[in-house]
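Work through the exercises below with the sequence and the model side by side. Each task is followed by a solution that goes step by step.

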Amino acid sequence: MDATVDTVIRNASLVDGQRGVDVAIMAGRITAVGPALPLRGAAEIDAGGDLLSAPFVDAHFHMDATLSYGLPRVNGSGTLLEGIALWAELKPQLTQQALIERALQYCDWAVARGLLAIRSHVDVCDDRLLAVEALLEVRRQVAPYLDLQLVAFPQDGLLRSPTALANLQRALAMGVDVVGGIPHFERTMADGADSVRILCELAAERGLMVDMHCDESDDPLSRHIETLAYETQRLGLQGRVAGSHLTSMHSMDNYYVSKLLPLIREAGVAAIANPLINITLQGRHDSYPKRRGMTRVPEMLAAGIEVAFGHDCVLDPWYSLGSGDMLEVAHMGLHVAQMTGQQAMHACYQAVTSNPARILGLSDYGVAPGCHADLVLLDAPDPVTAIRLRAARRMVMRRGKVIASAPRAVSQLHLEGRPAEADFRLRR
Ligand code: FE2
């Protein structure tokens, strides 16, 4: 008799293009992947040829602000500056319970979207560290179904805000995972460079990763990424450091960038672009032509730099839209970066799955024997169609357990002489 396992998912397509693949799961891990596995599952799931993927990963988010849209008022102009002013108005009114409830609701949305790992920055410039305490509690509560990684983020500037460094160190002592920063927001370029050095040394001493908001500016002379790459190499932090946003690179001189990209590559610094937010917040001082403000994603990929796309914001002072859908993020990234070639479109899918999984240091991530049975079954046959349709998540699995499901996106047609349904798939 065939051996029995907990679950077999039949007839799936994989991200690498394999079709008709079965996946066997036992005790929360994938035990076998291949065609027509001679195994019986206590539960059998028919993928029907659809894409079975490792879960989505968001490398850059702000969970302390999410779902606060409209509190205490909406961002009338939709600009970064009004967003910052709004956040300052909201901060004194925050309560721990409200922060926890909003974050948990967002994690519900994330799970429904097959987004099972999030790196969230948390503002440490409030001396009460209310948001830090709240998100540490959320991290504990969601741990069974979602990996939440927290970055100590000195929103008002490490050196510019008098208590930021002490607060950041307190946050790390409380259990926040990653060292954050915001060098372009310090008072001077020199202070910005100093902040990068201080923060990287702090991370090196404590054996932590680094993820800085870096050069989120249209100023082509905002070059803190150069310092971040230098400090990473000097302190032996290769593979543990990410630069988030890096939007100034969009406006930099091409000659300088031709020197910069190999330095970033050599230092093993990863880049995290946030297409939805960069395209809406950057270039606001321009008339026409207006800069896009997203960093140079295809060029960095070509240079061998690890690149991920992050969501950054959902329904908060800076962004009035979003729903935790990393396929929407990939869709925008693809368009803004003009990554329309076949390989480039697949790279956009990797930028919301395997690339951020490596940046976060997730263990046993993937669809292969030995990996965690953390899986998403999409209502699409391949990654490009998944991005095109922002495909429904038919099933989301964590450690072998189904934790979310949704019907296929099909519309009923009531047209004489035409099919009864439209599902937006290309059929020939
Ligand atoms: Fe951000």
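**Exercise 1.** In this predicted model, decide whether strand β6 is largely enclosed or not, and find its parallel partner.

*Solution.* Begin with burial, for which the cut-off is a relative accessible area under 20%. Six of the six residues of β6, which spans residues 56-61, are buried, so the strand is largely enclosed by the rest of the structure. Next, look for the partner: four bridges join β6 to strand β7 (residues 115-123), and the two run parallel. To place the pairing on individual residues, start from F56, whose bridge partner in β7 is L115.

**Exercise 2.** Identify the residues that touch the most other members of the largest nonpolar core, and state which domains contribute to this core.

*Solution.* The largest nonpolar core holds 103 residues, and among these M63, V138 and L228 touch the most other members. Each of domain 1 (4-54 + 366-412) and domain 2 (56-360) supplies at least three residues to this core. A second core, separate from it, has 15 residues, including A47, L52, A373 and L375. Now take M63 as an example: leaving aside residues up to four places away in sequence, its contacts include A103, Y106, I118, L135, V138 and L148.

**Exercise 3.** Determine how many cavities of 30 Å³ or more the structure has, and describe the lining of the largest.

*Solution.* A search of the whole structure gives three such cavities. The largest contains about 60 Å³ of space, and its lining includes W87, K91, L94, D123 and L130. When the lining is sorted by element, helix α3 (residues 130-142) gives the most, with three residues.

**Exercise 4.** Locate the cis peptide bonds that precede P72 and P289, and then examine phi at D215 and L246.

*Solution.* As background, most peptide bonds are trans, and most residues other than glycine have a negative phi. Against this, a cis bond joins L71 and P72, with omega about -10°, and P72 is found in the loop between β6 and α1 (80-90). Another cis bond joins Y288 and P289, with omega about -5°, and P289 belongs to the loop between α9 (275-281) and α10 (297-302).

Turning to phi, D215 has a positive value near 60° and sits in the loop between β10 (209-214) and α6 (224-234). Its relative accessible area is 0%, so D215 is buried. L246 also has a positive phi, of about 50°, and its place is the loop between β11 (241-245) and α7 (248-251). With a relative accessible area of 1%, L246 is buried.

Conventions: Residues are numbered from 1 along each chain as its sequence is written. This is a predicted model: local features need pLDDT of at least 70, side-chain atom pairs count only at pLDDT 80 or more; totals for chains, interfaces and linings use all residues. Side-chain values use heavy atoms; hydrogens and water are left out. A nonpolar core is a set of buried Ala, Val, Leu, Ile, Met, Phe, Trp, Tyr and Cys residues joined through side-chain atoms within 4.5 Å. Buried means under 20% relative accessible area, exposed over 50%, partly exposed in between (1.4 Å probe, protein chains only). Domain bounds come from an automatic or database domain assignment. Contact means heavy atoms within 4.5 Å. Two strands pair if DSSP finds at least two bridges between them. On a 1 Å grid over the protein atoms alone, a cavity is a set of points where a 1.4 Å probe fits but cannot get out, and a pocket is an open set with protein on both sides within 12 Å along at least five of seven lines; lining residues have an atom within 4 Å of a point. Grid points are joined across faces, edges and corners, and a volume is the space filled by probe spheres set on the points.
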